[in-house]
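Please study the sequence and the structure shown below. The paragraphs that follow lead through selected parts, one after another.

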Amino acid sequence: MIHNESKIHQRFSTFPKFQDYLSEFVYGGIDGSITTFAVVAGSVGAGLDGSVIIILGFANLLADGFSMSVGAYLAAKSELDRYLKNQKTEYWEVANIPEAETEEIRTIYQAKGFSGHLLDQVVAVITADKDRWVNEMMLSELNMIRDGRSPFMIGLITYVSFILIGLIPLSAYVYEFIFNNTLNAFNWTMSLTLLAFIFIGWLKTYVTQTNLLRGVFETVLLGTIAALVAYFVGDWLEALVRG
């Protein structure tokens with residue numbers, strides 16, 4: 001029974017933990033809410049119909065979100081590939097030129113202040129295990145630490161967050177369209193998006209370890225600026241087109 005519980009615990013411990021991808025959720029949510037709200041604000045400024053706003057909003061949501069998630073995936077995958085390539089090289093060097101690699105370990109720890117018998121012991125312990133040896137070379141010589149997270153999950157969480165949080169600025173217009181219920185959709189959009197900004201700003205403080213009020217204020221400020229720029233550009237273009 002205990003053995004089975006241990007196997008179950010080990011199996012579930014390999015599943016991705018949400019907190020490991022919190023930064024991707026935060027930045028995906030920030031981008032999704034700000035860009036979608038900017039699209040809505042610009043469309044309202046241009047005097048576009050609600051159905052057009054929905055089309056433009058969803059086009060931005062799906063296309064921009066996918067682009068951002070692909071970028072996040074490729075960046076993480078490239079970094080992982082670079083790490084694995086250098087790791088493979090280090091394993092080859094440890095296996096084929098161990099004397100040179102041992103001397104590099106000695107030089108590294110001499111620079112850290114080790115000397116004499118203690119230095120010999122440290123070098124002996126590190127070089128006694130190939131995995132430990134290579135990990136030490138990756139960290140101390142190449143300054144590389146492997147990110148244990150999945151590039152696929154990084155891209156997926158970014159996309160899911162972009163969609164979920166980015167839907168908020170569109171929700172009032174979608175509700176109005178589905179239920180054929182006239183309401184002041186833009187006022188609702190501003191209120192709901194403000195709550196989204198506050199929520200994402202609050203989450204951001206856990207990632208950046210910054211002050212709560214500062215994190216919320218920065219997110220709300222950036223979103224507001226983006227919306228104002230989009231609104232007035234839309235209004236100006238609408239006036240320009242109409243002459």
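Does E136 count as buried or exposed? The structure is a predicted model, and in it E136 has a relative accessibility of 14%. Because residues under 20% are called buried, E136 counts as buried.

The side chain of E136 takes part in a salt bridge with that of K112, at 3.7 Å from N to O. E136 belongs to helix α6 (residues 130-141), whereas K112 sits in the loop between α4 and α5, so this pair ties together parts that are 24 residues apart in sequence. K112 itself is partly exposed, with a relative accessible area of 48%. Further salt bridges share partners and thereby join E24, D147 and R149 into one network.

In total, the structure holds eight salt bridges. Side chains of opposite charge can pair when their charged atoms come close. Another pair of this kind is D120 and R106, whose side chains meet at 2.8 Å, N to O. Here D120 lies in helix α5 (residues 116-127) and R106 in helix α4 (residues 98-111), so the salt bridge ties together parts that are 14 residues apart in sequence. Both partners are partly exposed: the relative accessible area is 37% for D120 and 23% for R106.

Helix α4 also contains E103, which is partly exposed at a relative accessible area of 43%. E103 and V123 are 20 residues apart along the chain, and their C-alpha atoms are separated by 8.8 Å.

A salt bridge can also be found within a single helix. E79 and R82 both lie in helix α3 (residues 50-96), three residues apart, which is about one turn of the helix. The closest N and O atoms of this salt bridge are 3.1 Å apart. E79 counts as partly exposed at 42% relative accessibility, and R82 is likewise partly exposed, with a relative accessible area of 43%.

Attention now turns to helix α7. Why does the length of α7 agree with expectation? At 1.5 Å a residue, the 16 residues of this helix (residues 151-166) should span 22 Å, and the end C-alpha atoms are indeed 22 Å apart. The N-terminal end of α7 is capped by S150, which has a side-chain oxygen 3.2 Å from the backbone nitrogen of F152. Among the buried residues of α7 are P151, M153, I154, F162 and I163. The cover over the buried residues of α7 includes α2 (22-45), α3, α8 (168-179) and α9.

Helix α9 (residues 185-208) is the place of T193. With a relative accessibility of 1%, T193 counts as buried. Leaving aside residues up to four places away in sequence, T193 touches F37, I168 and P169.

The final stop is on the surface. Which residues form a nonpolar patch there? The patch consists of F217, L221, I225, V229, V233, W236, L237 and L240, which together have about 790 Å² of accessible area. One of these residues, L240, lies in helix α10 (residues 212-242). L240 has 53% relative accessibility and therefore counts as exposed, whereas T193 in helix α9 is buried at 1%.

Technical notes: Residues numbered from 1 in each chain as written. Predicted model: local features only at pLDDT ≥ 70, side-chain atom pairs only at ≥ 80, totals over all residues. Heavy atoms only, no water. Patch = residues over 30% accessible without salt bridge, like charges linked within 9 Å, V, L, I, M, F, W, Y side chains within 5 Å. Areas by Shrake-Rupley, 256 points an atom, 1.4 Å probe, with all protein chains shown as cover. Salt bridge = Lys/Arg side-chain N within 4 Å of Asp/Glu carboxyl O. Helix = DSSP H or I, 4+ residues; strand = E, 2+ residues; numbered from the N terminus. Buried < 20%, exposed > 50% of the residue type's maximum accessible area, 1.4 Å probe, protein only. Contact = heavy atoms within 4.5 Å. Expected span 1.5 Å × (residues − 1). Polar contact = N/O pair within 3.5 Å; in protein donor to acceptor, adjacent residues only side chain to side chain.
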